Amino acid sequence: MTPTHSTTHLVLIPSYNPGRKVLATVRAARAQWTPVWVVVDGSTDGSGDLLREEAATDPGLRVLVLPKNSGKGSAVLEGVTRAAQAGFTHALTMDSDGQHPETLIPHFMATSQAAPDAMVLGKPVFGPEAPALRVNGRKVSNAWANLETLGMGIGDSLYGFRVYPIAPLVRVMRSTRFMRRFDFDPEAVVRLCWAGVRPINVDAPVRYFTPQEGGVSHFNYLRDNLLLSWMHTRLFAGFVLRLPLLVWRRVTR
Ligand SMILES: Nc1nc2c(ncn2[C@@H]2O[C@H](COP(=O)(O)OP(=O)(O)O)[C@@H](O)[C@H]2O)c(=O)[nH]1
Ligand SMILES: [Mg+2]
């Protein structure tokens with residue numbers, strides 16, 4: 001199969017110490033799409049060199065390196081800023097650790113190309129192996145996100161498998177110094193909804209691997225839940241300020 005080539009839509013993979021699945025993940029994405037860019041976020045596990053070697057023989061792959069770990073949001077912002085300079089208008093973000101369904105890249109891209117003003121959000125379909133703590137934890141974040149947007153239709157606030165229109169994403173990110181780490185995914189959807197970017201939800205399986213299978217997560221239950229709670233507190237305040245606008249949009253739609 002030849003990967004679909006695009007000059008408007010790229011695949012963007014933020015990557016921090018991703019474990020041994022990274023190369024297979026990037027190759028699987030490359031089998032679906034050209035180009036694929038990886039942002040190595042200050043990784044210290046040798047994956048940066050591995051990816052650079054791969055890019056040396058694959059012109060469809062580009063590797064950007066941040067010298068210091070700066071967080072998922074920062075890595076995505078670096079990637080989309082450079083992508084915009086290169087003329088791209090949309091980015092499909094996905095994880096570097098094999099958890100996301102690479103085979104759905106063309107379908108997500110086609111959905112975005114048919115509705116370029118919208119964002120295409122993956123709606124996770126969990127297998128039986130998904131940890132209950134993560135599955136239930138996101139229900140809380142989803143309830144907040146839907147309240148903060150007055151039910152504009154966010155199917156899932158946390159899943160990182162998404163297509164973003166780059167210009168509004170860069171605009172909302174530049175408007176705040178937050179959403180640079182694990183708070184990126186939920187804050188991005190909420191702020192983009194506020195900016196009038198409509199969500200389209202598409203089902204997408206998510207896989208969880210055991211450490212024996214090469215599964216790696218940098219999610220830290222206490223640290224990241226505190227980060228998310230603080231984020232929703234901020235977003236709730238933003239919601240109250242925007243309430244008249246959101247109500248107005250609702251009634252005029
Ligand atoms: N946690 C974390 N992930 C990062 C960072 N920078 C980039 N990423 C990437 O963001 C994605 C999600 O991270 P991960 O630890 O797998 O979180 P989880 O899938 O929610 O358990 C992966 O592709 C990471 O490599 C960072 O500083 N911290
Ligand atoms: Mg992961």
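**Reading the surroundings of ligand 1**

Me: In this predicted model, how far is an oxygen atom of ligand 1 from an N or O atom in the side chain of asparagine 69?

Reply: That separation is 2.9 Å, and because a pair of N or O atoms within 3.5 Å counts as a polar contact, asparagine 69 makes one with ligand 1. The side chain of serine 217 offers another N or O atom, 2.6 Å from an oxygen atom of the ligand, while proline 14 takes part through a backbone N or O atom at 3.0 Å.

Me: How much of the accessible area of ligand 1 does the protein cover?

Reply: Ligand 1 has 550 Å² of accessible area on its own, of which the protein covers 91%; the ligand sits in the largest pocket.

Me: Which residues come nearest to ligand 1, and how does its shell divide?

Reply: Of the 17 residues around the ligand, Tyr16, Asp41, Asp97, Arg134 and Ser217 come nearest, and the shell divides into 4 nonpolar, 7 polar and 6 charged residues.

Me: Which residues coordinate the magnesium ion, ligand 2, and are they buried or exposed?

Reply: Asp97, through OD, and Gln99, through OE1, coordinate the magnesium ion at 2.0 Å, and both aspartate 97 and glutamine 99 are buried, which means under 20% relative accessible area.

Conventions. Residues numbered from 1 in each chain as written. Chains lettered and ligands numbered in written order. Predicted model: local features only at pLDDT ≥ 70, side-chain atom pairs only at ≥ 80, totals over all residues. Heavy atoms only, no water. Donors = N, O, S within 2.8 Å, 3.2 Å for Na, K, Ca; no water. Buried < 20%, exposed > 50% of the residue type's maximum accessible area, 1.4 Å probe, protein only. Near = heavy atom within 4 Å. Polar contact = N/O pair within 3.5 Å; in protein donor to acceptor, adjacent residues only side chain to side chain. Areas by Shrake-Rupley, 256 points an atom, 1.4 Å probe, with all protein chains shown as cover. 1 Å grid on protein atoms, 1.4 Å probe; cavity = no way out; pocket = protein on both sides within 12 Å on 5 of 7 lines; lining within 4 Å. Sits in = over half its atoms within 2 Å of the grid points. Nonpolar A, V, L, I, M, F, W, Y, C, P; charged D, E, K, R; others polar.
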